[in-house]
Amino acid sequence: MSSAEVAIEPRIHYLNVDYSIKSWLLTTDHKRIAWLYLMSITFFFTIGGLAATLMRLNLLEPQGLLVEPETYNKLFSIHGIIMVFLFLVPSIPAVLGNFLLPIMLGARDVAFPRLNLLSWYIFMTGGSLVIYAVIAGGVDTGWTFYTPLSSLYLNTHVMAAAGGVFIAGFSSILTGLNFVVTIHKMRAPGLTWFRLPLFVWSMYAASIIFIIGTPVIAISLALIVIEHFFHVGLFDPALGGDPVLFQHLFWFYSHPAVYVMVLPSMGVISELITAFSKKKIFGYHFVAFSSIAIAAIGFLVWGHHMFVSSQSVYAGLVFSALSMAVAIPSAIKVFNWTATLYKGSISYEAPMLYALGFIGLFTIGGLTGLYLASIGVDQHVHDTYFVIAHFHYIMVGGAVMGYLGGIHYWWPKMTGRLYPDGWARVSAIIIFIGFNLTFFPQFILGYLGMPRRYAVYPAEFHTLNVVSTAGASILGLGYVIPLIYLAWSARYGPIAGPNPWKATGLEWTTTSPPPTHNFEETPVVTEEPYGYDRLAEEIQVA
């Protein structure tokens with residue numbers, strides 16, 4: 001038995017208080033709702049991942065190995081729609097946010113528990129409609145639903161998919177509202193704003209984007225439906241509309257949505273860096289306020305997606321400058337994490353490997369974002385594989401590494417059991433290698449001029465596509481391994497104590513798994529967050 005393992009007496013907690021299916025489907029416990037989301041988004045991730053696998057296999061040969069171009073269009077559309085709207089956006093907020101936020105605040109639950117359960121049902125309704133679109137024949141517009149392809153030249157099940165995303169958006173709005181009210185009203189005595197964990201700050205910033213931005217994409221998709229069925233001239237020039245208007249509306253949400261994916265991940269990384277370097281985070285206030293700055297500036301940069309869509313030069317210059325400005329608060333976070341590591345007592349458990357992987361991948365993604373914010377460079381690589389590589393480094397390398405790091409870090413708290421750390425470290429390394437082997441060649445492909453969304457390509461791009469597909473195979477293996485050992489550990493893993501990582505934070509002061517109401521008594525907070533220096537002094541004295 002390792003030092004992290006402890007033997008405990010059987011007791012009642014949120015997992016074993018009631019085993020019936022009804023108790024799960026009608027639960028208002030935020031921890032159980034987090035599990036419902038965990039199961040749901042794992043399913044959607046699998047569907048989206050299978051679509052990506054078929055795409056990469058098809059690109060093994062320049063003329064396409066497996067499917068016709070029409071089917072290829074449907075594969076990348078479904079991959080994008082499912083991964084963005086049903087996995088990346090809800091993953092950390094819905095799973096880790098739901099599970100951890102009330103516990104980190106010292107509260108018994110979120111502010112509106114029934115609304116929280118309703119959010120999951122709305123999410124599943126929207127997700128089911130998207131899956132129906134897949135089964136019924138698919139969608140060929142890409143995840144952006146650009147008009148007139150999604151309206152005037154509609155010939156696939158766009159309405160069902162758009163309707164699904166529209167409905168799922170309400171889940172995000174309700175979750176954001178719930179989190180904002182919970183953070184404002186349900187903090188434990190003594191838990192001031194500047195004693196909040198940085199994960200809570202990041203969730204607060206992401207929730208603001210949920211509330212302000214999500215209605216815009218929902219309305220945009222609803223307008224497509226209205227134009228299609230009622231022939232109201234919105235985006236169709238023949239009816240007096242403007243297709244570029246849709247792009248403005250779409251990117252006004254969809255660029256901030258990138259920060260919905262990354263901000264919660266940044267919050268996770270802040271927790272991991274401090275916990276596994278056993279050191280107070282460097283520049284707490286700067287890291288906290290940088291989350292708010294990213295959320296605020298993120299609403300002002302949508303125009304950099306439209307440098308080649310008849311936008312004026314002056315508007316392009318403004319959006320270019322603002323897009324570069326958003327890099328400043330992001331760089332503050334990376335600098336402060338690095339400064340925290342300096343002279344820290346670093347240990348390399350699996351969550352820390354994911355955190356370090358995040359910093360590396362996010363830095364590459366962020367720096368290449370500056371290329372795309374420059375008008376001249378963007379016009380050269382616009383709609384090429386360079387763009388695909390960039391946003392996968394941000395959204396997948398950033399968001400997924402943060403999500404997996406957070407799942408591994410808080411898994412003992414969620415289940416009360418430990419996982420095999422050796423396997424976890426191996427899978428983290430495999431994912432890091434597989435990811436870079438998959439997406440770094442795509443920077444070169446894009447620079448050389450290979451356009452995105454093409455089912456066939458010139459033979460000169462063959463070698464780099466083969467390397468990318470080989471990397472995707474390794475990446476896929478890296479994703480499967482955690483599914484196996486985490487499922488095993490949930491039932492057979494060694495028992496974990498309340499605080500297996502010797503970390504700070506209210507969530508580590510309650511039992512693992514927590515009782516139904518999180519704490520036996522309402523905690524009172526009297527200290528600043530991340531008091532690892534004090535803990536080190538206590539250990540030294542002892």
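**Salt bridges, cores and a surface patch**

Visitor: Which residue forms a salt bridge with Arg425?
Guide: A salt bridge needs a side-chain nitrogen of Lys or Arg within 4 Å of a carboxyl oxygen of Asp or Glu. This is a predicted model, where local features need pLDDT of at least 70, side-chain atom pairs count only at pLDDT 80 or more, and totals for chains, interfaces and linings use all residues. Residues are numbered from 1 along each chain as its sequence is written, and side-chain values use heavy atoms, leaving out hydrogens and water. With its closest N and O atoms 2.5 Å apart, the partner of Arg425 is Asp421.

Visitor: Is Asp421 buried or partly exposed?
Guide: Buried means under 20% relative accessible area, exposed over 50%, and partly exposed in between (1.4 Å probe, protein chains only). Arg425, at 35%, is partly exposed. Asp421 has a relative accessibility of 19%, so it counts as buried.

Visitor: How many residues apart in sequence are the parts that Glu528 and Arg195 tie together?
Guide: These two side chains form a salt bridge, with closest N and O atoms 3.5 Å apart. Glu528 sits in the loop between α17 and α18, and Arg195 in the loop between α6 (158-185) and α7 (198-230), so the separation of the parts they tie together is 333 residues.

Visitor: Which helix gives the most to the largest nonpolar core?
Guide: A nonpolar core is a set of buried Ala, Val, Leu, Ile, Met, Phe, Trp, Tyr and Cys residues joined through side-chain atoms within 4.5 Å. This one has 150 residues, and Trp337 and Tyr409 are among those that touch the most other members. Helices here are DSSP runs (H or I, at least four residues), numbered from the N terminus. With 18 residues, the top contributor is helix α8 (residues 243-277).

Visitor: Which helix gives the most to the nonpolar surface patch?
Guide: Patch residues have over 30% relative accessible area and no salt bridge; nonpolar side chains (Val, Leu, Ile, Met, Phe, Trp, Tyr) are joined within 5 Å, like charges within 9 Å. Ile429, Phe432, Ile433, Leu437, Val467 and Ile474 make up this patch, with about 450 Å² of accessible area together (Shrake-Rupley, 1.4 Å probe). Val467 is in helix α17, but four residues come from α16.

Visitor: Which helix has the lowest mean pLDDT?
Guide: pLDDT is the predictor's confidence in each residue, from 0 to 100. The protein chain averages 92. Where pLDDT is low, the predicted coordinates should not be read in detail. With a mean of 67, the lowest among the elements belongs to helix α18 (residues 532-541).

Technical notes
Helix = DSSP H or I, 4+ residues; strand = E, 2+ residues; numbered from the N terminus.
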